[in-house]
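User: I should like to go through this structure and ask, for each term applied to it, what justifies the term. Please set each value against its criterion.

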Amino acid sequence: MKKTSIFLSILVSAWIVIQPVTSFAANAGDYGLPDFSELVAQTNQSVVNISTTKKIERQEMPEFRGMPEEMLRHFFGLPQFRGDPRGNQNPHSEKPPKEESHSLGSGFIISEDGYILTNNHVIDGADEIIVRMRNREELKAKVIGTDPRTDVALIKIDADNLPYAKIGQSNDLKVGQWVLAIGEPFGLDFTATHGIISALGRALPDDTYVPFIQSDVAINPGNSGGPLFNLEGEVIGINSQIYSKTGGSMGLSFSIPIDIAMNVVNQLKTEGKVSRGYLGVQIQEVTSDLAKSFGLSKPQGALVGQTYDDTAAQKAGIEAGDIILEFDGKLIKKSTDLPPIVGMTSINKSVKVKVLRQGKVKYFTVKLNALDQADQIAANSNGKAYSDNRLGALVKELDRDSLDALNLPFGVMVTDVLGGAAEKAGLRNGDIIVTIDFKPVKTVSGLKKMMKSLPKNRSLPVRVVRNKRSLFLPLVLEK
């Protein structure tokens with residue numbers, strides 16, 4: 001009897017412990033955990049799948065000092081073709097054969113007349129774009145405009161009375177709030193995943209104009225271009241990138257804030273292109289030690305390392321050594337805050353800039369140049385720097401001492417990546433270009449001459465030195 005009582009006591013205790021857990025799981029909504037089923041039903045009609053077809057023309061590959069062609073394809077990202085040992089399907093044909101490359105992505109409808117937002121990299125270079133709706137209807141889309149710097153593309157289908165997504169705001173988001181993504185990971189259409197916002201204003205190395213929303217939502221290849229919703233069913237971001245060592249989700253997903261995306265949309269609709277402000281400064285982060293040396297109580301702002309000739313910054317009186325604390329009334333907490341704020345500022349608008357100079361706060365008024373005017377500014381800078389539209393980067397020559405310190409016989413330094421081919425190749429500020437297509441880059445004038453003769457739409461190996469390490473990048477000139 002005693003043993004039975006003990007056994008019953010154990011059962012009762014176990015029931016008392018387990019019962020609240022079971023109730024918690026069954027009534028999760030009562031404890032502040034959202035049920036996403038209604039949200040998915042409310043929003044998924046506006047989400048679309050995007051498939052693209054791109055025709056690729058095979059380029060004849062020269063023999064590079066006996067390197068196997070397969071090795072070149074591996075390192076420089078060239079397409080694989082089947083046929084003879086050199087890749088030709090017909091060795092005797094005059095024109096190289098073309099192959100079709102297919103890709104999948106996501107997008108979402110933003111108006112009832114068929115405007116759709118997606119990523120630029122989803123539709124970049126596509127010869128045909130097919131949009132598949134939730135009801136399985138397939139329609140051809142045309143490109144209205146793209147903006148590679150923010151990785152935003154606006155396309156349109158010929159349809160009316162479409163279900164469209166509600167556009168929210170991304171400037172009042174909070175870390176920890178719930179978010180939902182819908183897209184086509186690995187071709188599995190209309191897949192819903194959820195998570196929380198992990199960080200805001202996240203800067204990635206090659207995307208200076210986008211303060212990304214970081215979340216732990218499961219995003220995989222195929223989700224690109226799809227919407228990130230808040231619990232009100234409003235789009236607050238476009239899913240764009242992931243950090244992964246496996247190719248799949250590792251809980252580090254990055255989305256373009258919808259405020260930035262809609263700014264791009266409005267410009268593409270009205271102007272047919274996107275104009276960005278260009279201040280004309282080279283900046284760096286303010287570390288704890290630098291903050292103390294400049295008389296700041298804590299690290300903040302963007303430290304100006306250099307101002308370029310004939311730019312808005314120089315004309316306004318901003319100098320190297322100034323720390324930009326505010327721009328157009330917006331606080332600059334870290335250096336990566338400045339580029340997206342400047343980029344979204346209207347051209348020729350008078351903007352107040354608050355800086356710290358030698359321990360004293362000063363104010364300047366600037367009128368921004370357009371970013372696409374940076375090429376002309378560089379060309380007029382007395383040979384100190386040079387930029388070419390084909391390359392999409394501002395470069396300058398290095399003195400002999402700088403080259404000797406790196407044990408380099410020659411090379412030119414990238415001071416600003418403006419977009420285009422340089423951005424797609426992965427060039428970064430501070431990279432030293434040594435060779436392009438195995439041809440030496442000795443001077444800025446030599447690079448300028450070389451850019452005129454290089455072929456387009458072919459992957460060219462570019463050797464750069466980055467952080468004292470040599471690496472190759474694949475450069476494809478589209479102009």
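Analyst: The answers below concern a predicted model. As an overview, the protein has 12 helices and 28 strands, and 46% of its 479 residues count as buried.

User: Why is Thr-118 called buried?

Analyst: A residue is buried when its relative accessible area is under 20%. Thr-118 has 0% relative accessibility, and therefore counts as buried. Thr-118 lies in strand β3. Leaving aside neighbours within four places in sequence, its contacts include Ile-50, Ser-106, Gly-107, Asp-151 and Val-152.

User: What makes the approach of Thr-118 to Ser-106 a polar contact?

Analyst: The criterion is a pair of N or O atoms within 3.5 Å, one able to donate a hydrogen and the other to accept it. A polar atom of the Thr-118 side chain lies 2.7 Å from the backbone oxygen of Ser-106. The distance of 2.7 Å is within 3.5 Å, so the pair meets the distance criterion.

User: Why is Arg-357 counted as buried?

Analyst: The relative accessibility of Arg-357 is 16%. The limit is under 20%, so Arg-357 is classed as buried. This residue is found in strand β19, which spans residues 350–357.

User: Which groups does the side chain of Arg-357 reach at 2.8 Å?

Analyst: One is the backbone oxygen of Gly-317, at 2.8 Å. Another is the side chain of Asp-322, with which Arg-357 makes a polar contact, also at 2.8 Å. Both distances fall within the 3.5 Å limit for a polar contact. Not counting residues up to four places away in sequence, Arg-357 also touches Ile-318, Glu-319, Lys-362 and Phe-364.

User: What makes the pair Glu-128 and Lys-140 a salt bridge?

Analyst: A side-chain nitrogen of Lys or Arg must be within 4 Å of a carboxyl oxygen of Asp or Glu. The N to O distance between Lys-140 and Glu-128 is 3.4 Å, so the pair qualifies. The two residues are 12 apart in sequence, with Glu-128 in strand β4 and Lys-140 in strand β5. By this rule the count comes to 16 salt bridges.

User: How are the two partners, Glu-128 and Lys-140, classed: buried, partly exposed or exposed?

Analyst: Exposed means over 50% relative accessible area, and partly exposed lies between that and the 20% limit for buried. Glu-128, at 30%, is therefore partly exposed. Lys-140, at 59%, is over the upper limit and so counts as exposed.

User: How do you know that Lys-354 and Glu-326 form a salt bridge?

Analyst: Their closest N and O atoms are 4.0 Å apart, and the pair is counted under the 4 Å criterion. Lys-354 is in strand β19 and Glu-326 in strand β17, 28 residues apart. Glu-326 has a relative accessible area of 26%, which means that Glu-326 is partly exposed.

User: What makes Asp-328 and Lys-330 a salt bridge, and how are these residues classed?

Analyst: The closest N and O atoms of Asp-328 and Lys-330 are 3.7 Å apart, so the pair satisfies the 4 Å limit. Asp-328, at 22%, is partly exposed. Lys-330, at 41%, is also classed as partly exposed. Elsewhere, salt bridges that share partners join Arg-132, Arg-136, Glu-184 and Asp-189 into one network.

User: Why are the buried residues of α12 said to be on the same side of the helix?

Analyst: The buried residues of α12 are Val-444, Leu-447, Met-450 and Met-451. They cover an arc of only 115 degrees around the axis, which puts them on the same side of α12. The face turned away from that buried side carries the exposed residues Ser-445, Lys-449, Lys-452 and Ser-453.

User: How does the span of α5 compare with the expected value?

Analyst: Helix α5 has 13 residues and reaches 18 Å from its first C-alpha to its last, close to the 18 Å expected at 1.5 Å a residue. Among its buried residues are Ile-258, Ile-260, Val-264 and Leu-268. Just after α5, Gly-272 takes a positive phi of about 80 degrees.

User: What is the size of the largest nonpolar core, and which element supplies its largest share?

Analyst: The largest nonpolar core has 28 residues, and those with the most contacts inside it include Phe-108, Ile-110 and Leu-117. Its largest share, 7 residues, comes from α5.

Technical notes
Residues numbered from 1 in each chain as written. Predicted model: local features only at pLDDT ≥ 70, side-chain atom pairs only at ≥ 80, totals over all residues. Heavy atoms only, no water. Core = buried A, V, L, I, M, F, W, Y, C linked by side-chain atoms within 4.5 Å. Buried < 20%, exposed > 50% of the residue type's maximum accessible area, 1.4 Å probe, protein only. Helix = DSSP H or I, 4+ residues; strand = E, 2+ residues; numbered from the N terminus. Arc of directions from axis to C-beta. Expected span 1.5 Å × (residues − 1). Contact = heavy atoms within 4.5 Å.
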